Structure formats: C-alpha cells, structure tokens
Amino acid sequence: MPIQTPCTAICTIDPISGLCLGCRRTLDEIARWGGLTDQERARIMAELPDRTAQTAACAGLASDPA
C-alpha cells in the first residue's frame with residue numbers, strides 16, 4: 001500500500017521557509033508526490049516532524065519583539 005499524502009488541506013506556503021503551513025512539504029515535494037517512490041515518500045514523511053519543530057521555532061523568533 002502506498003504511503004498516503006500528509007496533506008491537511010491547509011495549502012499555504014510560508015514565504016520564509018518555503019514550506020506548506022499545513023503539511024510542511026515544499027512545493028516541489030507536493031507537485032512530485034504522486035510520482036515519488038514509497039521510499040522517497042517515507043523519507044519526506046520522516047522529515048516532517050523536524051520541519052514542524054524548526055518552523056515553529058523560527059516563527060517564535062520572528063514574533064519576538066526583542
């Protein structure tokens with residue numbers, strides 16, 4: 001069974017990180033998802049939690065008025 005898409009239907013690209021705010025994939029990854037192998041999809045899926053933590057940390061720094 002192929003790996004399902006991580007899409008959350010919140011399709012907005014963050015201009016700073018270049019990642020989708022919903023699924024944390026790049027535009028290239030989103031566009032190529034249907035043609036990727038299961039191994040490539042698994043690699044991307046494994047990276048998503050770190051991307052979420054990283055972009056959340058960056059958002060916190062960007063909103064810090066100091």
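# Notebook: look-up of a predicted model

**Entry 1. Ala-9**

I began with Ala-9, which counts as exposed because its relative accessibility is 65%. For this and later entries I use three classes: buried is under 20% relative accessible area, exposed is over 50%, and partly exposed lies in between, with a 1.4 Å probe and protein chains only. The model is predicted, so I note that local features need pLDDT of at least 70 and side-chain atom pairs count only at pLDDT 80 or more, whereas totals for chains, interfaces and linings use all residues. Residues are numbered from 1 along each chain as its sequence is written, and side-chain values use heavy atoms, with hydrogens and water left out. Ala-9 is not a glycine, yet its phi is positive, near 65°. I place Ala-9 in the segment before H1.

**Entry 2. The chain as a whole**

I found 2 helices and 0 strands in the protein chain. Both terms refer to DSSP runs numbered from the N terminus: a helix is H or I over at least four residues, and a strand is E over at least two. The chain has 66 residues, and 23% of them are buried. Its exposed area is about 4,500 Å², of which carbon and sulfur atoms supply 62%. Such areas come from the Shrake-Rupley method with a 1.4 Å probe, and for residues only the protein chains shown count as cover. I also looked up contacts (heavy atoms within 4.5 Å). Of those with a separation of 6 or more, 38% join residues 24 or more positions apart.

**Entry 3. Cysteines**

How many disulfides does the structure hold? I found 0, where a disulfide is a pair of cysteine sulfur atoms within 2.5 Å. For Cys-11, the closest cysteine sulfur belongs to Cys-7, and no bond is counted because the distance of 4.3 Å is too far. For Cys-23, the closest is in Cys-20, and the 3.9 Å between the sulfurs is likewise too far for a bond. Is Cys-23 buried or exposed? Cys-23 counts as buried, at 7% relative accessibility. Cys-11, in contrast, counts as exposed, at 62%.

**Entry 4. Salt bridges**

I counted 4 salt bridges in the structure. The term requires a side-chain nitrogen of Lys or Arg within 4 Å of a carboxyl oxygen of Asp or Glu. As background, side chains of opposite charge can pair when their charged atoms come close.

Arg-32 pairs with Asp-28, with 2.9 Å between the closest N and O atoms. These two are about one helical turn apart because they are separated by 4 residues in helix H1. Both count as partly exposed: Arg-32 at 38% relative accessibility, and Asp-28 at 45%.

Arg-51 and Glu-29 meet in a further salt bridge, at 2.7 Å from N to O. Because Arg-51 lies in helix H2 (residues 38-63) and Glu-29 in helix H1, this pair ties together parts that are 22 residues apart in sequence. I noted that Arg-51 and Glu-29 are buried.

Within helix H2, Glu-47 and Arg-43 meet at 3.0 Å, N to O. Their spacing is again about one helical turn, because they are 4 residues apart. Glu-47 is partly exposed at 28% relative accessibility, as is Arg-43 at 42%.

Which residues are linked in a network of salt bridges? I recorded Glu-29, Arg-43, Glu-47 and Arg-51.

**Entry 5. Arg-24 and Thr-52**

I then returned to the segment before H1, where Arg-24 is located. Phi of Arg-24 is near 70°, a positive value in a residue other than glycine. Arg-24 is buried, since its relative accessible area is 15%. Where does Thr-52 lie? Thr-52 is in helix H2 and is partly exposed, with a relative accessible area of 35%. From C-alpha to C-alpha, Thr-52 and Arg-24 are 6.5 Å apart in space, although 28 residues separate them in sequence.

**Entry 6. Nonpolar patch**

Finally, I looked up a nonpolar surface patch formed by Ile-13, Leu-27 and Ile-30, which together have about 230 Å² of accessible area. Patches are made of residues with over 30% relative accessible area and no salt bridge; like charges are joined within 9 Å, and nonpolar side chains (Val, Leu, Ile, Met, Phe, Trp, Tyr) within 5 Å. Ile-13 sits in the segment before helix H1 (27-32) and counts as partly exposed, at 30% relative accessibility.
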